[in-house]
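These are my notebook entries on one structure. I began with the strands and went on to the aromatic rings.

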Amino acid sequence: MKVVLLGTAAGGGFPQWNCACALCAAARDGKLPARTQESVALSGNSRDWWLLNASPDIRTQLTTTPALAPGPGPRDTPVRGVLLTDAEADHVAGLTVLRGGAGLKVYAAPPVLATLAPLRDLLDRYAPWEWADSLTEGGFVLSGGLVVTAHPLGPKAPKYVAGPDPDDRWVTAYRIEDLAGGGVLLYAPCLGAWTPELDDLLASADCALLDGTFFAPDEMGTAVRSRGGRQAAMGHLPVAGARGSLAALARHSGPRRIYTHLNNTNPLLDPDSDARARVSAAGVEVLPDGAEFVV
């Protein structure tokens, strides 16, 4: 299974357009590499490619990735569809860029499909797409020989959804297995809390792409003087701390472990930071946009 990290930043990208924090300033000065918003492409046969989330930067990401170039016909594309982990704006806005792409298929959990109904109607007027329940019993098979199961992770609905919603299927992780080679990828760019199911999923994975949005629990307040509680409400488990994801990953030294979805305030964006040194010492990676690897 071939994997391309199209983008590795959280919503807003890096540097964020309206942020003058120290990290964003360093990126604007060319001292740190810029990053586009999080999305992944993968294929089991190097011909049929599937997107994991569709970021607002998807056009740039597609046009700078040779494997995803259109052809051989004038309107042919190797992109077959999209797997959505949630309904957050930075994961679904790119669907509008893909409008008119005939025959695409989008997988998402039931509450995500429901809340995207107006967008689905709009997109289907350009070219009919197939919209499928990612939580279908037994999983599903993607062209190219990939078998996928989706796993609910929590009830965090996007901010644009009015009122509380206790449905715990708003956020999902994907376990993707290559039938030919046997490699297993775990994709979970949004984690509100560590669960026993994540331990089970990691136990059978060869590689895991995980939520690295924030390094510390109070990161936004320190970097941009954010109001207290705003970061916690965003639903991302921090990397550091006794209950952070890095401590949990210490139990899983077998799979390759990679952080993605990095917020513009995250010191992991700086390869010379103490935070990056700590994560690297634990055997966990932070890769740049465009990184390619095989699982």
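**Entry 1: one pair of strands**

I worked from a predicted model. I first looked up how strand 1, residues 2–7, is joined to strand 2, residues 39–43, and found five bridges between these antiparallel strands. I then looked up a single residue of this pairing: Val3 has Leu42 in strand 2 as its bridge partner.

**Entry 2: the sheet**

In which order do the seven strands of the open sheet lie? I read the order as 6-5-4-3-2-1-14, with mixed pairing. Strand 6 (130–133) and strand 14 (292–294) are the edge strands, and each of them pairs on one side only. From one strand to the next, I noted an average twist of 25 degrees.

**Entry 3: Trp50 and Tyr107**

I next searched the whole structure for aromatic pairs, and three were found. I kept in mind that a pair of aromatic rings is described by the distance of the centres and the angle of the planes.

For Trp50 and Tyr107, the ring centres are 6.3 Å apart and the planes stand at 55 degrees, so I recorded this pair as tilted. The reasoning rests on the cut-offs: planes under 30 degrees apart count as stacked, and those over 60 as edge-to-face. Trp50 belongs to strand 3 (residues 49–52) and Tyr107 to strand 5 (residues 105–108), so the pair ties together parts that are 57 residues apart in sequence.

Are these two residues buried or exposed? Trp50 has a relative accessible area of 5%, and I entered Trp50 as buried. Tyr107 also counts as buried, at 5% relative accessibility. I applied the rule that buried means under 20% relative accessible area.

**Entry 4: Tyr107 and Phe140**

I then followed Tyr107 to Phe140. Their ring centres are 3.9 Å apart and their planes are at 10 degrees, so this pair is stacked. The pair links distant parts of the chain, since Tyr107 is in strand 5 and Phe140 is in strand 7 (residues 140–142), 33 residues apart. Both Tyr107 and Phe140 are buried. I closed the entry by noting that Trp50, Tyr107 and Phe140 form one aromatic cluster.

**Entry 5: charges over rings**

Which arginine lies over the face of Tyr126? I found Arg99 there, at 5.6 Å from the ring centre. I also looked up Phe293, and Arg256 lies over the face of this ring, at 4.8 Å from the ring centre.

Methods
Residues numbered from 1 in each chain as written. Predicted model: local features only at pLDDT ≥ 70, side-chain atom pairs only at ≥ 80, totals over all residues. Heavy atoms only, no water. Pairing = 2+ DSSP bridges. Helix = DSSP H or I, 4+ residues; strand = E, 2+ residues; numbered from the N terminus. Axes fitted to C-alpha atoms, helices over the stretch in contact; angles between N-to-C directions. Phe/Tyr/Trp six-rings, centres within 6.5 Å; stacked < 30°, edge-to-face > 60°. Buried < 20%, exposed > 50% of the residue type's maximum accessible area, 1.4 Å probe, protein only. Lys NZ or Arg CZ within 6 Å of the ring centre and 35° of its normal.
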